[in-house]
Structures are given as structure tokens and as C-alpha cells.
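Student: I'm new to this one. Can you walk me through it?
Tutor: Sure, let's look at it together.
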Amino acid sequence: MYLSPFGRLRTCCRFRTLVRLMASIRWVLLLFLAQLPLLATYSAHSDGNLTLWCHPDQAAALLQLKQSFLYAHFTSIILPSWQIGTDCCFWEGVSCDASSGFVTVLDLNGYGLHSYGFDPALFSLESLQRLDLSMNCLRGYSYSTTAGEFDRLALLTHLNLSNSCLSGQIPIGIRRLIRLVSLDLSSRAVTPGDDITTGIYSVNTLQEPNFHTLVTNLRNLRELYLDEVYIMSSSGEGWGKSLARYVPHLQVLSLRRCGLNSAIDNSLSSLRSLVVINLGWNNFPAGPVPEFFADFLNLSVLQLSNMSLKGLFPERFFQLKNLRVLDLSFNPDLSGYFPKFSHANSLETLRLEGTNFFYDKRTSSSNLKSLKELGLGGKFLSLDFLSSFGLLGSVRQLEIDQINSKRDLGSILSWIGNLKNLKRLTLFGCDFSLIMPSSIANLNGLVSLTMFDCNLPRPILSAIGNLRDLQDLGMSDCKLHGSMTSSIGNLTDLRSLYMESCEACGPMPAAIGHLKNLKRLTIISCESLLGQYHLQLATSLT
């Protein structure tokens, strides 16, 4: 076929146009393919709105983390919602940023997960802002292999690793998390009366050789929980001045049982933003209560138990408008009068057992309307006190220490029995040998009863077996006068039974087999009437 020069030119132009068009299509196709992974993260959900899915690499990291958990304490299936092909932003414990789809929150608090430490996949989630692995058991945590990886999570503002079976030195990488607002590495051991069904008490045994270095870069910190972390550089001057200098806006300071052994430094007086102070159960030298704590006008919680405090407790603290919790327990040389609070309506916890406080006959309970937890020593609980003080209808938890008179105990139990909202009762050093079992019957609303160093004749044990609402029963250093009676089989709601260092325990009755809801049975170093033996048993029943 013959084409004129003009025809050939027109055909050539068409061919070039087609080539350019195909090149454009190819470019658009390549651009589409390049954007396909991003487009794949979008999905129309049932609400009709276009919602961003989590990123595939982060979903894979979370699935790898799931695989690192050996088992869960309370369920046979680990994190069942974490499934391949589903949106990880909707998995339990996971939250994502709505605009980017990146995982920002991982909260596995209380899942009872067990592993051999931190899986490396955790540290690839670099978009995390909140991480909570508390109340799990990350055994096998190794300082040498994981300590430096926390600084990869540079966006973290909240980190909670409390009660997670961690041991050794606090990971170095944590001190580089300059955005941290809240840090919780604390630990609390399970004690008689604790509700062990809501979490797993996996105690940390952490230590910090240089408190100064730990807090130097944490200038944004507002909450610091290091309970039972052994602070080696335990000079009061060191940790106090470090906090005052580097964490000036701290609001929560909790250093319970940290081995601190020097006097509290006055430099702490500059931390005027403090709302919560817990320094209890440290080895401070005997001395007065730091009165500058009363200058913290926003102070809500003051816990100074077992700190060798002595002298007269300053009445200025009773004028604090926001005070909700005051715990001065087990400071036998600390004296004062049962307080007349100016703002008692806000007080929820008052613990004065084990102190040298006395009550003022002019004091009335009428303004303690919000009080939920009360701890008192035996010198408070005389018949005179009961008649003048009246009832505290809002109290749900009561601790009683060393009732001096056996005759008073019956009247006191009657008074306690009239606290209709009372659910948890702890007794120290009470002798029930002259008490009628009917006095125990008044306590039929209790869900938790814990007794330390108490004399418990068999009729009293039988009466305790009729408190059918009990879920937790604990006895430590008690004299039992024989085995637990068969009435324990009546406690069908019992979840935890704890017996430690009790004298003349005798054999456990067969009726214990009726306790179908029992989750935890702990018997430690108990002495049998049938011979000397020490049984070490601590098991979780499922």
C-alpha cells in the first residue's frame, strides 16, 4: 500500500502519540502499584466511613509478640482477637492513631501472660505512646540482651511494667525516654486478703545503682512509681536533690520499700506540684514528719507508714482541703490526737494503727461521710470510744491492731458488725478465747477476713466457717488449737485461703474439697498437732 509523504508523517505522529499515551498509562500504573500497600490499609466499615487500618508490618510484629507468650494465667486461648487478616487496631489491648493507622497504645494489663522476656518485635512498634505490660510474667528478662532497646520507643509517654517478674537492673534505655510522663516499675507482693482473681502478682526484683542517672533526662515526668525497686544510691540527699533538680513538676512520688536509709532532704520542699507521696516502709533514721509536706496545697495522698517517725504529728496536715488518704500506721513513737479535720468530707482513707495517737472525746464521726478505709489501734477502741464516736456507715475496709482487753473485743466486734457496708476486715493481735462465737456471726457481710497473731479457738473457727459471703480468708502467725473445722466447706464462694506460720494447725479437713470456687491455696510453715512438720504449698487452682 502506497502512502504519500503526508500520510507517512501523519501515521508517524499517531504512533508517537500512542507511545506517549502508553508511557503515561505505564507511569500511572506504576504509581498505582507503588501506592497499593497504602491503599490496602483502607477499608469501609459498617458505619459507612472510610477508616484507616493498621499497618501490615505492625500487625506482623504484634502477631510475633503473641507467639512469644507461652501461656496465659486465666485462659487457655491467648489473645483470641489477634488473628491474621483482621485489623489490628481492633484487637484487644491495641489502639491506633485515627489519622495514620499507626499503633499508639498497647495495654495488656492483667492478662496473666507468661514469656521468656521481651520479644524483639515489641521494640519495632516505634509509634507506641503508651505501653502497659503490668500484671504479666516476663520471666527471663535479661539486662544484657534487652536493656538498650527501650530507647527505640522514643515516643513513649506512659510506661507500666509493674508486677511483671522483672529482675536485675532497670533497663538503661528507659532513662533515654525523654517524653515519659508516667513511669511505673513498681512491685507489690500478694498478701492475705488480696483479690488474686483479677490479676497475677508477679513480683519485680529490680534495682537501680544510680538514681541520679535514671531521672536526669526525665524532665517531663509527672508520675514515678518505683515501689520495691532497690535504690542502691540510697542517700536521702542524692535521690531528693536529683528529683528536685531534674523532675521539678513531679506530681506522684511513690518509693515504698526502696531501701532508702538517709534522712529526707529538705530539697524535696521545692516539689510543690506533688499530689501523691508514698515513702512508707523505708529505713529512714528516726525523726519527725517532714512538715514542709503540709505546704503542698494539692496534696491528696500521704503515705508514711513504718518510717520510724516520732514526735507530735503536725495538725497543719488536717487543714489540707484535698487530702483523701492519710496513712501513718506502724510508727509507734508518733503521737497525736484523733484528728479533727477541717475538710473531712473528702477523706477516704485514715490509718493510725500501730501509732501512739489518742482520740479526743470531742471528736465526732459525723463529718467523715466519705471514709472508706479505717485503721485504728487498740487504745482507740475502748467502750468509751465506741459510745462517743458512733458508727461510720461508709467504711468498707477496717484494720484493727492490738485490742488490749478480751472483754472489750466482744463489744468491738458488735460495733464492727453494725458497719453495714464493711467488706474487708484485718485484725492484728486479737485474743478470741473469751469471745462467744455469736460475735462472729455479726460479720456475715464480709468478703475478706485476714488475721495476724490471733488466738483462735475451735468454736471461733467453726463460726468463721459460717461467714458464707467470704471470698478471701487469711491467717498468719495465729494459734488455731486444732485443724480447721469442717464448717469451712460452707464457704462455697471462697477463692483464696492463706495460712502461714500458724501454730497447731492439724490436718486439713476433707470438707475443703467442697470449695469449688477456690483459686489459690497457700499453706506455709504450719505446725501440726499430730507432729512437727512444715508444709510449703502455694498453688493456683483452676
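Student: In which sense do strand 12 and strand 14 pair?
Tutor: Keep in mind that this is a predicted model. Strand 12, residues 205-208, pairs with strand 14 in the parallel sense, over two bridges. Glu-208 stands opposite Ile-231 of strand 14.

Student: What is the strand order in that open sheet?
Tutor: The order is 10-12-14, and the pairing is parallel.

Student: Which strands stand at the edges there?
Tutor: Strand 10 (167-169) and strand 14 (230-231) do. Each has a single partner strand, so one side of each is left without a neighbour in the sheet.

Student: OK, new topic. How is the sheet with the order 3-6-8 paired?
Tutor: That open sheet of three strands has mixed pairing. Its edge strands are strand 3 (69-72) and strand 8 (137-138), each pairing on one side only. Strand 3 and strand 6 run in the antiparallel sense, joined over three bridges. Ala-72 has Leu-113 in strand 6 as its bridge partner.

Student: And which helix packs on that sheet?
Tutor: Helix 2, residues 56-68. Helix 2 touches strand 3 and strand 6, and its direction makes about 65 degrees with that of strand 3.

Student: Now the surface. Which residues make the nonpolar patch of about 380 Å²?
Tutor: Leu-70, Tyr-71 and Tyr-116 make that patch.

Student: Where does Tyr-116 lie?
Tutor: In the loop between strand 6 (113-115) and strand 7 (130-132).

Student: Is Tyr-116 buried or exposed?
Tutor: Exposed, because its relative accessibility is 66% and the cut-off for exposed is over 50%.

Conventions:
Residues are numbered from 1 along each chain as its sequence is written. This is a predicted model: local features need pLDDT of at least 70, side-chain atom pairs count only at pLDDT 80 or more; totals for chains, interfaces and linings use all residues. Side-chain values use heavy atoms; hydrogens and water are left out. Patches are made of residues with over 30% relative accessible area and no salt bridge: like charges are joined within 9 Å, nonpolar side chains (Val, Leu, Ile, Met, Phe, Trp, Tyr) within 5 Å. Accessible areas come from the Shrake-Rupley method with a 1.4 Å probe; for residues, only the protein chains shown count as cover. A salt bridge is a side-chain nitrogen of Lys or Arg within 4 Å of a carboxyl oxygen of Asp or Glu. Helices (H or I, at least four residues) and strands (E, at least two) are DSSP runs, numbered from the N terminus. Buried means under 20% relative accessible area, exposed over 50%, partly exposed in between (1.4 Å probe, protein chains only). Two strands pair if DSSP finds at least two bridges between them. Contact means heavy atoms within 4.5 Å. Axes are lines fitted to C-alpha atoms, for helices over the stretch in contact, and angles run from 0 to 180 degrees between N-to-C directions.
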